[in-house]
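Visitor: Could you take me on a close look at one part of this model, the salt bridges, and then show me how the surrounding pieces pack? I would enjoy one connected walk through it.

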Amino acid sequence: MPVASSGPATTNREPIGSYRSYEEAQKVVDYLADHGFPVQGTLIVGAGLRSVERVLARMTPLRAAGWGAAAGAWFGLLIGLFLLIFSITAAAALPLVLWGLVWGAVAGAIFGLVSHAIQGGRRDFVSESTLVADKYEVLVDSEHVARAHELLRAMSG
């Protein structure tokens, strides 16, 4: 039975299975592809999406300065490497790159501390956000549903 269209992407596609994780759905599509199934146009649709934010640590001034210094050091290193192109001698190259790294780290640490201070205690934690679905459905073109079911029976049996 065709899926009620929630947009042009799902028109003329039917579900062939529902899975608890994205990895399971991905494994099914990979299996179909390995067995000559025309997977172009196949969809893996996450249903029941919710945002999950996992708190990793408390943000302290020291941590803000450290992360700022690390980011600044990378930026300073890139600037130093860029200036390396214009270096006349090889002896001048290493100090140029090191100065870029050091000044980038210093500027980054200051920026990290100032940014943390400006927050004023709102959001004094470090976190990572992800989208999680309750289930993942694999949808294929309506004309290939029978072949997909045949391959999936062979996969499970």
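Guide: Happy to. A residue is called buried under 20% relative accessible area, exposed over 50%, and partly exposed in between. Arginine 50, with a relative accessible area of 41%, is therefore partly exposed. Please keep in mind that this is a predicted model.

Let us stay with arginine 50 for a moment. Its side chain meets that of aspartate 134 in a salt bridge, at 2.4 Å from N to O. Arginine 50 belongs to strand E3 (residues 50-58), while aspartate 134 sits in the loop between strand E4 (125-132) and strand E5 (135-141), so that this pair links distant parts of the chain, 84 residues apart.

Strand E3 has further partners to show you. Glutamate 53 forms a salt bridge with arginine 123, and their closest N and O atoms are 2.6 Å apart. Because arginine 123 lies in the loop between H3 and E4 and glutamate 53 in strand E3, the pair ties together parts that are 70 residues apart in sequence. Both ends of this bridge are accessible to some degree: arginine 123 counts as partly exposed at 47% relative accessibility, and glutamate 53 counts as partly exposed at 39%.

Next comes arginine 54, which forms a salt bridge with glutamate 128; here the closest N and O atoms are 2.8 Å apart. Arginine 54 is in strand E3 and glutamate 128 in strand E4, so this bridge ties together parts that are 74 residues apart in sequence. Glutamate 128 is partly exposed too, with a relative accessible area of 35%. A search of the whole structure finds 6 salt bridges, and those of arginine 50, glutamate 53 and arginine 54 are among them.

Now for the packing of the helices. Two packed helices are described by the angle between their axes and the distance between the axes. For helix H2 (residues 61-84) and helix H3 (residues 90-119), the axes come within 5 Å and cross at roughly 150 degrees. H2 and H3 are therefore roughly antiparallel to each other, since angles over 145 degrees count that way. Their crossing is right-handed, and the residues of the contact divide into 16 nonpolar, 9 polar and no charged.

If you would like a residue to select on H3, try valine 102. Valine 102 counts as partly exposed, at 43% relative accessibility. Its C-alpha atom is separated by 9.1 Å from that of alanine 69, although the two residues are 33 apart along the chain.

Another helix pair is H1 and helix H4 (residues 145-156), which pack at an angle of about 105 degrees with their axes 10 Å apart. H1 and H4 are therefore roughly perpendicular to each other. From H1, Lys27, Val28, Tyr31 and Leu32 meet Ala148, Leu151, Leu152, Ala154 and Met155 of H4. The residues of this contact divide into 8 nonpolar, no polar and 1 charged.

Our last stop is threonine 42, in the loop between helix H1 (22-34) and strand E2 (43-47). Threonine 42 counts as buried, at 18% relative accessibility. Leaving aside neighbours within four places in sequence, threonine 42 is in contact with Val29, Phe37, Val138, Leu139 and Val140.

Methods:
Residues numbered from 1 in each chain as written. Predicted model: local features only at pLDDT ≥ 70, side-chain atom pairs only at ≥ 80, totals over all residues. Heavy atoms only, no water. Axes fitted to C-alpha atoms, helices over the stretch in contact; angles between N-to-C directions. Helix = DSSP H or I, 4+ residues; strand = E, 2+ residues; numbered from the N terminus. Parallel < 35°, antiparallel > 145°, perpendicular 65-115°, else oblique. Left-handed = near helix turned anticlockwise from the far one by under 90°. Nonpolar A, V, L, I, M, F, W, Y, C, P; charged D, E, K, R; others polar. Salt bridge = Lys/Arg side-chain N within 4 Å of Asp/Glu carboxyl O. Buried < 20%, exposed > 50% of the residue type's maximum accessible area, 1.4 Å probe, protein only. Contact = heavy atoms within 4.5 Å.
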